[in-house]
Amino acid sequence: MTEHGHGDQPSDLPPIGLPPLSRLTRGIRHGLGTDRGHHAIVPPWYPSTNYRFSSLDTKAGDFDYARTANPTRDLFGEALATLEGGAGCVVVTSGMAAATLVVNALVPNGGRVVAPHDLYGGCWRLFTRLHEQGRIVVEYVDLTDLAAAREALSTPADLVWIESPSNPLLRLTDIEAVTGLAREAGALSLVDNTFCSPLLQTPLALGADLVLHSTTKFINGHSDVLGGAVISSTTDLDEQVRTWANTLGLTASPFDSWLALRGLRTLDARLRVHAENAAAVVDLLRSHPAAKTVNHPGFGSVLSFDVGSLDAAARLVDGLRCIDLAESLGGVESLICHPGLMTHASMPPHVQDAAGITPGLLRLSIGIEGADDLVADLRAGLDRARTLPA
Ligand code: PLP
């Protein structure tokens, strides 16, 4: 609960004789039944940009100006902080705003950032441009290789950026080991937890100082809100991030926060169907000769596979019925994309090569449609990929 507290929240302390509510239940129910005006179950959203003062130097309530704090945004942030087990959460306008915020708040001028060589293309572009400007020094390393991570962190650093599973190759980093190496190097560690959400992975419990989300993806889950969040392990870090979010003007709108909180409330149920459908699709891919390699860590519903060439990839996507060719992931609808030409297009070819992003690589975000329809659609696509053009 922040200092802007929602005073009618049920206490976290269980009544005598009952166990405490789980983190999941507390996160998903956060704010329900707290409306003091009309006793609504769902808390209203507060679009007002400003709040009354009762005298020249005293606010009438907890709020003054919506860039600084807003009741609806706070509720969403508190729910996310509860689910991640963090001390606080700052909610911003996009995942990239969250990344921009962390670098501005926590990396000094000329500071050294160690990041994975196969991270999300937008983050690669941000770090690379900031490096070119002289604002930071970024070093890209294969963080799934602990020897390489140890070598990179034998030199002091300011921030270690972890993305696990990575986008689009779904490589796994040993978060506990790398956050330990970061600590020894004097660096803060951050995990981009966009692919997992706090229901599949809680990086703060594995030693990370910060967690980042593009809430655009699984958290909101309906492909209709762009958003981001930074969850901190300590109130001190949260305060620094919060101050910078206000200073830079990155905080999210009340309505986007209200929608994303609504999405968050169904996250657990959605993830279960996503996982069931993804398992069926992985079974198909692993048994179909058109898929040369399949990348899926065994959990989650984002996966990638290689069909050998750009031509084969084009034949596969052309004609799909219930899987849309589009960027993004984590929504209720199934999507397919070509990372090399789409999400990771800002990486030049040699950087894509080094990261393993090949011309035949396709990424799938499996939605919650009927599994049989998805499997049939993809099987037809894989059959097309195998057929040589006339
Ligand atoms: N991090 C990851 C892993 C992503 O996949 C994305 C977007 O695809 C982002 C960050 C950036 O988020 P946004 O598009 O909300 O700015």
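For sorting lining residues by class, Ala, Val, Leu, Ile, Met, Phe, Trp, Tyr, Cys and Pro are taken as nonpolar, Asp, Glu, Lys and Arg as charged, and the rest, Gly included, as polar. With that in hand, the lining of the largest cavity comes out as 4 nonpolar, 3 polar and 3 charged residues. The model is a predicted one, and everything below is computed from it.

Starting with the enclosed space, the whole structure holds 4 cavities of 30 Å³ or more. About 80 Å³ is the volume of the largest cavity. Its lining is made up of Thr68, Ala69, Arg73, Asp74, Gly77, Cys89, Val90, Val91, Arg242 and Thr251. Two elements, α2 and β3 (88–92), each put at least two residues into that lining.

Next come the open spaces, and here the second largest pocket is the one to look at. Roughly speaking, it offers about 450 Å³ of space. A total of 26 residues line the second largest pocket, and those closest to its centre are Met96, Tyr120, Asn167, Ser214 and Lys217. Helices α3 (95–106) and α4 (121–133), along with strand β8 (210–214), are the elements that give two or more residues to this lining. Helix α4 supplies the largest share, at 3 residues. By class, the lining of the second largest pocket splits into 10 nonpolar, 10 polar and 6 charged residues. Both domains take part: domain 1 (23–264) and domain 2 (268–386) each contribute at least three residues to the lining of this pocket.

Helix α4 turns up again among the aromatic contacts, so to speak. The count of aromatic pairs is 5. One of them joins Tyr51 and Phe63 in a tilted arrangement, 5.6 Å from centre to centre with 40 degrees between the planes. Tyr51 sits in the loop between α1 (23–28) and β1 (53–55), while Phe63 sits in the loop between β2 (58–59) and α2 (71–84), so this pair ties together parts 12 residues apart in sequence. Both Tyr51 and Phe63 are buried. Another pair, Phe127 with Trp161, is edge-to-face, at 4.9 Å centre to centre and 75 degrees between the planes. This one links distant parts of the chain, as Phe127 belongs to helix α4 and Trp161 to strand β6 (residues 159–163), 34 residues apart. Phe127 has a relative accessible area of 0% and so counts as buried; Trp161, also at 0%, is buried too. Elsewhere, ring pairs join Trp45, Phe255 and Trp258 into a cluster.

The far end of helix α4 gives a contrast. Gln133 is part of helix α4, but this residue is exposed, with 64% relative accessible area. Gln133 and Gly110 lie 9.9 Å apart in space, C-alpha to C-alpha, with their positions 23 residues apart in sequence.

Finally, the cysteines. A disulfide is a covalent bond that joins the sulfur atoms of two cysteines. The search of the whole structure turns up 0 disulfides. For Cys123, the nearest cysteine sulfur belongs to Cys337 and is 15 Å away, and the cut-off for a disulfide is 2.5 Å, so these two sulfurs do not make one. Likewise, Cys337 is in no disulfide, its nearest cysteine sulfur being that of Cys123. Cys123 is buried, at 2% relative accessibility, and Cys337 is buried as well, with a relative accessible area of 1%.

Methods:
Residues are numbered from 1 along each chain as its sequence is written. This is a predicted model: local features need pLDDT of at least 70, side-chain atom pairs count only at pLDDT 80 or more; totals for chains, interfaces and linings use all residues. Side-chain values use heavy atoms; hydrogens and water are left out. On a 1 Å grid over the protein atoms alone, a cavity is a set of points where a 1.4 Å probe fits but cannot get out, and a pocket is an open set with protein on both sides within 12 Å along at least five of seven lines; lining residues have an atom within 4 Å of a point. Grid points are joined across faces, edges and corners, and a volume is the space filled by probe spheres set on the points. Helices (H or I, at least four residues) and strands (E, at least two) are DSSP runs, numbered from the N terminus. Domain bounds come from an automatic or database domain assignment. Rings of Phe, Tyr and Trp (its six-membered ring) pair if their centres lie within 6.5 Å; planes under 30 degrees apart count as stacked, over 60 as edge-to-face and the rest as tilted. Buried means under 20% relative accessible area, exposed over 50%, partly exposed in between (1.4 Å probe, protein chains only).
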